[in-house]
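Welcome! Please take a moment to look over the sequence and the 3D view before reading on.

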Amino acid sequence: MALSQATELLLASTVFCLVFWVVRAWQPWVPKGLKSPPGPWGWPLLGHVLTLGKNPHLVLARLSQRYGDVLQIRIGSTPVLVLSGLDTIRQALVQQGDDFKGRPDLYSFTLITDGHSMTFSPDSGPVWAARRRLAQNALNTFSIASDPASSSSCYLEDHVREEAEALISRLQEQMAEVGSFDPYNQVVLSVAKVIGAMCFGQRFPKESEEMISIIRNTHDFVESAISTNPVDFFPILQYFPTPALQRFKAFNQKFVQFLQKIIQEHYQDFDENSIQDITGALLKHCKKGSRANGSHIPREKIVSLINDIFGAGLDTVTTAISWSLMYLVKNPEKQRKIQEELDTVIGRARQPQLSDRLQLPYLEAFILEIFRHSSFVPFNLPRSTTRDTTLNGFYIPRKHFVFINQWQVNHDQKVWGDPFEFRPERFLTADGTAINKTLSEKVMIFGLGKRRCIGEVLAKWEIFLFLAILLQQLEFSVPAGVKVDLTPIYGLTMKHPRCEHVQARPRFSIK
Ligand code: HEM
């Protein structure tokens, strides 16, 4: 009896020591004086994948209330750092920008332009920096910089004015024929033509079936290009592709082929003395870039940069304008206020222009509140650390996966007081005549630091001008009894549920 008890005791302590050893061996090494970020207990093999559910931004915001701004979870066996709180995120992405500027090496990202994307590839060294500078310069030159051949302030203004008028005509046709419309399907065509004109000038196809089918299916991209895609954490899933992953692959292939064709045509009649668009600027650079300083880009790689610019410029701006129309029909009194401001400042005799922005603070405040309240880009694109570092006293090793919860920043009770109220007025100064700049800088939707969005100014101007022109002329509504559902559908960009019942009526007779 005593012998068997002793054997049991020995066995139990051996098992205990073994478990203790395994647990210790699993714990990452942490330098003396520092600690690992805290986080909830996770299942072996699965980690927190089930906890994250369908709305990871909401779950992680809740967890940050318990564990703080720097917390750690695991997806599968990959540890993921989750950052919340504007001060902590600024510290990481701005003050320690070089440490946090990497992108993780993900399977799903290799499916985007064969892994050559500037935005989604893991490179964050001098070649990425040179490509980013090049993309930024070409983008600025053919969007927000002034167009010497036109009376408008810049290329963007020219394109948006033309497309906003065309959109108004299409909406009126839809109203006459069907009596209502789905705003997303209408807006996406207009935004595609604006970014298409900046990327390709006259060569962008006017209304081909191929183009329309691609631009109406960007959800095949955004549903899978998410920070929490299981295929990136459980490699075995690559061999059992889900329908969503197959749609993602097919979309990427079609998109690249479509862009490649236009770029090829462009190359055929390329004249380096007459550069009219972003593709032309990039092709010219291919000729003169130097291999020595990493700024040379082979011609085949142009398609990946155009893919980054066209894709980002299409989906995000469409989503923002489409959300705006939904909030307008849900909040008719806010719509009236914007229109009163437009009537007072601009009247009806001329079209709004970009230089009116400062005189239209309520419209600006409305757009900021759309960004904040919908937070339709809930996370930055995933980041990774480029070297061992520390944050708020926690040790974070090199190549560590990082999520940045923009949704949490935009709904932080401490900053906003009533984060769930849709209240554009919060962004106005006390006398209501200007934007409260300090508060507006607390909205986080374009990321921060070294990877901050390169299209931020263009996007803000484009959304402003589209909305100003549309709202000067049209009043948007839904018929009585139609419920407008604004529950976001999670993705890289979150969409509102589709609604086919939106209506638009002219506010005055248009000549
Ligand atoms: C409302 C509209 C937009 C929103 C909310 C938005 C948001 C973002 C966010 C959150 C990121 C990731 C930043 C990070 O990792 O910290 C990003 C990156 C990027 N955006 Fe935007 N974006 C918008 C419009 C645009 C437009 C119009 C363009 C170009 C035409 C553009 C081009 C890019 C590119 C190329 C990157 C990758 C930068 C890099 O990896 O270095 N975006 N954007």
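The report below visits the iron site, the cavities, one helix and a pocket.

## The iron site

Keep in mind from the start that this is a predicted model. A good place to begin is the ligand, whose iron atom has a single donor from the protein: the SG atom of Cys453, at 2.3 Å. To find Cys453 in the view, look in the loop that runs between helix H18 (437-440) and helix H19 (456-473).

## The largest cavity

Searching the whole structure turns up two cavities of 30 Å³ or more. The largest holds about 980 Å³ of space, and 49 residues line it. Cys453 appears again here: together with Thr119, Ala312, Thr316 and Leu381, Cys453 is among the lining residues that lie nearest the centre of this cavity.

Which helix gives the largest share of this lining? That is H13 (302-330), with eleven residues. Other helices that each supply at least two lining residues include H6 (126-141), H8 (183-200), H10 (219-222), H11 (243-268) and H19. By class, the lining of the largest cavity divides into 29 nonpolar, twelve polar and eight charged residues.

## The second largest cavity

The second largest cavity has a volume of about 50 Å³. Its lining is made by Ala225, Ile226 and Ser227, by Pro378, Phe379 and Asn380, and by Tyr490, Gly491 and Leu492. Six of these residues are nonpolar and three are polar, with no charged residues.

## Helix H11

H11, already met in the lining of the largest cavity, has 26 residues. From its first C-alpha to its last it reaches 38 Å, close to the 38 Å expected at 1.5 Å a residue.

Several residues of H11 are buried, among them Leu245, Phe248, Phe251, Asn252, Phe255 and His266. The buried residues of this helix pack against H5 (107-110), H8, H9 (209-215), H10, H12 (278-288) and H13.

## A pocket to explore

Besides the cavities, there are pockets to look at. The second largest pocket has a volume of about 670 Å³, and 26 residues line it. Arg357, Leu368, Ser440, Glu441 and Lys460 are the lining residues nearest its centre. Two or more residues of the lining come from each of H4 (86-95), H15 (361-374), H18 and H19.

How many residues does H15 give to the lining of the second largest pocket? H15 gives five, the largest share. Sorted by class, the lining of this pocket has 15 nonpolar, three polar and eight charged residues.

Technical notes. Residues numbered from 1 in each chain as written. Predicted model: local features only at pLDDT ≥ 70, side-chain atom pairs only at ≥ 80, totals over all residues. Heavy atoms only, no water. Donors = N, O, S within 2.8 Å, 3.2 Å for Na, K, Ca; no water. Helix = DSSP H or I, 4+ residues; strand = E, 2+ residues; numbered from the N terminus. 1 Å grid on protein atoms, 1.4 Å probe; cavity = no way out; pocket = protein on both sides within 12 Å on 5 of 7 lines; lining within 4 Å. Points joined across faces, edges and corners; volume = space filled by probe spheres on them. Nonpolar A, V, L, I, M, F, W, Y, C, P; charged D, E, K, R; others polar. Expected span 1.5 Å × (residues − 1). Buried < 20%, exposed > 50% of the residue type's maximum accessible area, 1.4 Å probe, protein only. Contact = heavy atoms within 4.5 Å.
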